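User: I should like a close look at a single part of this protein, and an account of how that part relates to its surroundings. Please proceed residue by residue where possible.

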Amino acid sequence: MSEPPRPLPVRKQDMLHRFEDDVDAWVSTASLDGTPYLMPLSFLWSNDTLLLSTSVTNPTARNLQANPQVQLAIGQVRDVIHIAGTAAITDITETEGDSFATKAGFDPRPLPNYPFFRITPTKIQTWREVNELKDRVLMDKGIWLV
C-alpha cells in the first residue's frame, strides 16, 4: 500500500533536502542536430540554481554551449526530481566553489578548461508514486508554485 500524496510544501521541503544531500544528477543535453547525451555530474544547489562543472572537451559542455536547454533527474524512479532549465557558463563565488568541492569531493577550479555551468530551472517536478503525479509541478516558467 502506498503512502498518501505529500502536500506541495512538504514536497518542496523534501526536494530542497535532496538538493543539499544528493551529490549527483543525471544531466541530459542535446547537440544542435538533436543528438541526445546523458551523463551523471555532481551538482551544487545555490541561489535557486544548480552549479555543474565538466571539461569543455566533454559532449555535455559542448552541447550546453551550443544548445543551453538541459534536463536533469535526481533520485530514484519512485522518488524523483525532474528539472528542465537553461545553462550558461558562469563565474562562481569562493563560497560556491568551496561548497561544490566539499560536496562533490572534487574541485574543478584549478583545472584548465573546467568551467562551471549555472542551470536556471524553468520547471521542477517531483513525485514518488502515481498518486503524486497530478500535482507534481513545483516550479513552472521559473516561478515557484509553492
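User: Which residues are exposed on the other side of H1?

Analyst: The model is a predicted one. On helix H1, the residues exposed on the other side are Pro9, Gln13 and Glu20. The opposing set, the buried residues of H1, consists of Arg11, Lys12, Met15, Arg18 and Phe19. Viewed down the helix axis, these buried residues fall within an arc of 120°, so they line one face of H1. The general geometry of an α-helix is relevant here: with 3.6 residues a turn, residues three or four places apart point the same way.

The length of H1 can also be checked. Helix H1 comprises 14 residues, 8-21, and at 1.5 Å a residue it should span 20 Å; the C-alpha atoms at its ends are 20 Å apart, which agrees.

Two residues of the buried face have ring partners elsewhere in the chain. Lysine 12 places its charged end over the ring of tryptophan 144, at 4.0 Å from the ring centre. The other residue is phenylalanine 19, for which the wider set of ring contacts is a useful background: five aromatic pairs are found in a search of the whole structure. In one of them, phenylalanine 19 and tryptophan 45 lie 4.4 Å apart, centre to centre, with 40° between the planes, and the pair is tilted. Phenylalanine 19 belongs to helix H1 and tryptophan 45 to strand E3 (residues 44-46), so the pair ties together parts that are 26 residues apart in sequence. Both phenylalanine 19 and tryptophan 45 are buried.

From tryptophan 45 the description can be carried into the strands. Strands E3 and E4 pair in the antiparallel sense over three bridges, and tryptophan 45 stands opposite leucine 50 in E4. The hairpin of E3 and E4 has two residues between the strands, and in it asparagine 47 takes a positive phi near 55°. Aspartate 48 is also placed in the loop between E3 and E4. Its phi is near 60°, a positive value in a residue other than glycine. Aspartate 48 has a relative accessibility of 39% and therefore counts as partly exposed.

Strand E4 (residues 49-53) is mostly covered, with five of its five residues buried. Its two faces are both covered: Thr49, Leu51 and Ser53 are buried on one side, and Leu50 and Leu52 on the other. E4 is further joined to E7 by four bridges, and these two strands run antiparallel. Within that pairing, leucine 51 stands opposite arginine 118 in E7.

Strand E7 (residues 116-127) is in turn joined to E6 by eleven bridges, again in an antiparallel arrangement. Isoleucine 81 has threonine 126 as its bridge partner in E7. On to the next pairing, eight bridges join strand E5 (residues 69-76) to strand E6 (residues 79-90), and these strands run antiparallel. A hairpin of two residues joins E5 to E6, and glutamine 76 has aspartate 79 as its bridge partner in E6.

Aromatic contacts also involve E7. The rings of phenylalanine 100 and phenylalanine 116 have centres 5.2 Å apart and planes at 85°, so this pair is edge-to-face. Phenylalanine 100 lies in helix H3 (residues 94-104) and phenylalanine 116 in strand E7, so the pair ties together parts that are 16 residues apart in sequence. Phenylalanine 100 and phenylalanine 116 are both buried. Ring pairs link these two residues with Phe106 and Tyr114 into a cluster. In the loop between H3 and E7 lies asparagine 113, which has a positive phi of about 65° although it is not a glycine. Asparagine 113 is exposed, with a relative accessible area of 55%. As for tryptophan 127, the charged end of arginine 136 sits over its ring, 5.9 Å from the centre.

The whole protein provides the setting for H1. Its secondary structure comes to three helices and nine strands, and from the N terminus on the elements run α-β-β-β-β-α-β-β-α-β-β-β. The radius of gyration is 16 Å, close to the 15 Å that the globule rule gives for 146 residues, so the protein is as compact as a globular protein of that length. Along its principal axes the C-alpha trace spans about 50 × 35 × 25 Å. Of the 146 residues, 40% count as buried.

Note on methods
Residues are numbered from 1 along each chain as its sequence is written. This is a predicted model: local features need pLDDT of at least 70, side-chain atom pairs count only at pLDDT 80 or more; totals for chains, interfaces and linings use all residues. Side-chain values use heavy atoms; hydrogens and water are left out. The expected span of a helix is 1.5 Å times one less than its number of residues. Buried means under 20% relative accessible area, exposed over 50%, partly exposed in between (1.4 Å probe, protein chains only). The arc is that of the directions from the helix axis to the C-beta atoms. Two strands pair if DSSP finds at least two bridges between them. Rings of Phe, Tyr and Trp (its six-membered ring) pair if their centres lie within 6.5 Å; planes under 30 degrees apart count as stacked, over 60 as edge-to-face and the rest as tilted. A charge sits over a ring if NZ of Lys or CZ of Arg is within 6 Å of the ring centre and within 35 degrees of the ring normal. The radius of gyration is taken over C-alpha atoms; the globule rule is 2.2 Å times the number of residues to the power 0.38.
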